[in-house]
Amino acid sequence: MAAKVLIYQCSYCSYLTFDLLSQYKVSLQDNIFLTDLPCTGTISVNMLLEAVENGFEKVLVLGGTGNDCRFLKGSQRAQKRVEEAVKILREIGYDKASIAFYGLKPGDVDSLKNILNTI
Amino acid sequence: MIVAERKPIEEIIKMVEKHESILVLGCGGCVTVCLAGGEKEAEQLATTLRLYFQKENKPFKTITTTITRQCDPEYVKSVAEEVAKVDAVLSTACGVGVQFMAENYPGKWVYPALNTKFAGANLELGVWGERCGLCGECILHLTGGVCPVIRCSKSLLNGPCGGSQNGKCEVSSEIDCAWQLIYDRLKSLNSLDLILKIQPPKDWSKARDGGPRKVVKEEVRL
Ligand code: SF4
Ligand code: SF4
């Protein structure tokens, strides 16, 4: 069975990109669950850890890049929280799941395709 | 506020591993403000522990709740039901909260999830600095509002020592020399005469040296 993947996406930066992706007739596999956040900066370390606890083997956070975050520092905050969650998994020796952050420019379909290809 | 930080997770795991159910009890006071043991941190710690024991295939349940303060009896008593349901309590309060919970729940282990560091202030986002040594007899009116007891590495009351260099303490270039700060501050207040007054030895019996202290406010006692 394919690994369960949870993607938290920024409803501004990456929502648009996913939308474009559908125009390319690329559809998401059934093992991928997509959740919108008004800004990835709202994510907490606990949300990431709970996703792992609930059986997601990959948890991705898709925010914007440094300069195009709609809420200025939301993506940077998300990145820091992902780093903290990764550190916690390492500290407790939990290697059955991974958590990662990707910064995408709105509309960057190629990068999104690359990310989806790695999961 | 009291400033604390979470203990290393291995240390916490060792404390709780003999139990199958714990209450992770957050505190809504100082440790919420210093991002060490409020609701968010208590929940994160509970999830971290559940994940660890899930990986170890060991049964482990958590209840998580946060009370307004763990240093006031009315709040501490309000979690009696939750405490009764678990083997032990992991408190994310400062050392005061941990002890107060233990005093109120004899027969139940109450473990400290944090290392309580100091009485300090929020210097910038994510940075806290020590400001008061809780000496029991404040002398900030003599030093322009800079505490020599805790901010001078040697707690000198008649400083500076010979190690003060370019405004920094000889203990570390990261530490401002408290006596330089006192000098600058008194100068800006036109009160440099104060620095020339010799301070007599401090009465440390008012501090920790006199044993554990108590404050009694008769007018509110019934
Ligand atoms: S003089 Fe004593 S009470 Fe005043 S700030 Fe310093 S340690 Fe605290
Ligand atoms: S250099 Fe200043 S702060 Fe450091 S020990 Fe000497 S007087 Fe105290």
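**Close-up views of a predicted model**

**View 1. The loop that holds P160(B).** P160(B) lies in the loop between helix 7 (148-151) and strand 8 (168-169) of chain B. As everywhere in these views, what you see comes from a predicted model. Look at the link that leads into this proline: the peptide bond from G159(B) to P160(B) is cis, with omega near 0°. That is worth a second glance, because most peptide bonds are trans.

**View 2. The surroundings of ligand 2.** P160(B) turns up again here, as one of the residues around ligand 2. Its companions in this shell include the cysteines C152(B), C161(B), C169(B) and C177(B). You can also find S153(B), G163(B) and S164(B) here, along with K154(B), E170(B), A178(B) and W179(B). How many residues of the shell around ligand 2 are nonpolar, polar and charged? The shell divides into seven nonpolar, three polar and two charged residues. As for its location, ligand 2 sits in the largest cavity.

**View 3. The surroundings of ligand 1.** Ligand 1 also has neighbours from chain B, among them the cysteines C132(B), C135(B), C138(B) and C147(B). G133(B), L134(B), I139(B), L140(B) and V149(B) surround ligand 1 too. Sorting this shell by character gives eight nonpolar residues, one polar and no charged.

**View 4. Two helices from two chains.** Here helix 2 (residues 45-53) of chain A packs with helix 3 (residues 39-55) of chain B. Their axes are 9 Å apart, and the packing angle is about 25°. Angles under 35 degrees count as roughly parallel, so helix 2 of chain A and helix 3 of chain B are roughly parallel to each other. The crossing of these two helices is left-handed.

**View 5. Two helices within chain A.** Stay with helix 2 of chain A, and now find helix 3 (residues 74-91) of chain A. The axes of these two helices come within 8 Å and cross at roughly 45°. Are they parallel or oblique to each other? With that crossing angle, helix 2 and helix 3 of chain A are therefore oblique. Their crossing is right-handed.

**View 6. The backbone at L72(A).** L72(A) is found in the loop between strand 3 (58-63) and helix 3 of chain A. What is the phi of L72(A)? Phi is positive here, about 65°, although L72(A) is not a glycine. For comparison, most residues other than glycine have a negative phi.

Conventions
Residues numbered from 1 in each chain as written. Chains lettered and ligands numbered in written order. Predicted model: local features only at pLDDT ≥ 70, side-chain atom pairs only at ≥ 80, totals over all residues. Heavy atoms only, no water. Near = heavy atom within 4 Å. 1 Å grid on protein atoms, 1.4 Å probe; cavity = no way out; pocket = protein on both sides within 12 Å on 5 of 7 lines; lining within 4 Å. Sits in = over half its atoms within 2 Å of the grid points. Nonpolar A, V, L, I, M, F, W, Y, C, P; charged D, E, K, R; others polar. Axes fitted to C-alpha atoms, helices over the stretch in contact; angles between N-to-C directions. Helix = DSSP H or I, 4+ residues; strand = E, 2+ residues; numbered from the N terminus. Parallel < 35°, antiparallel > 145°, perpendicular 65-115°, else oblique. Left-handed = near helix turned anticlockwise from the far one by under 90°.
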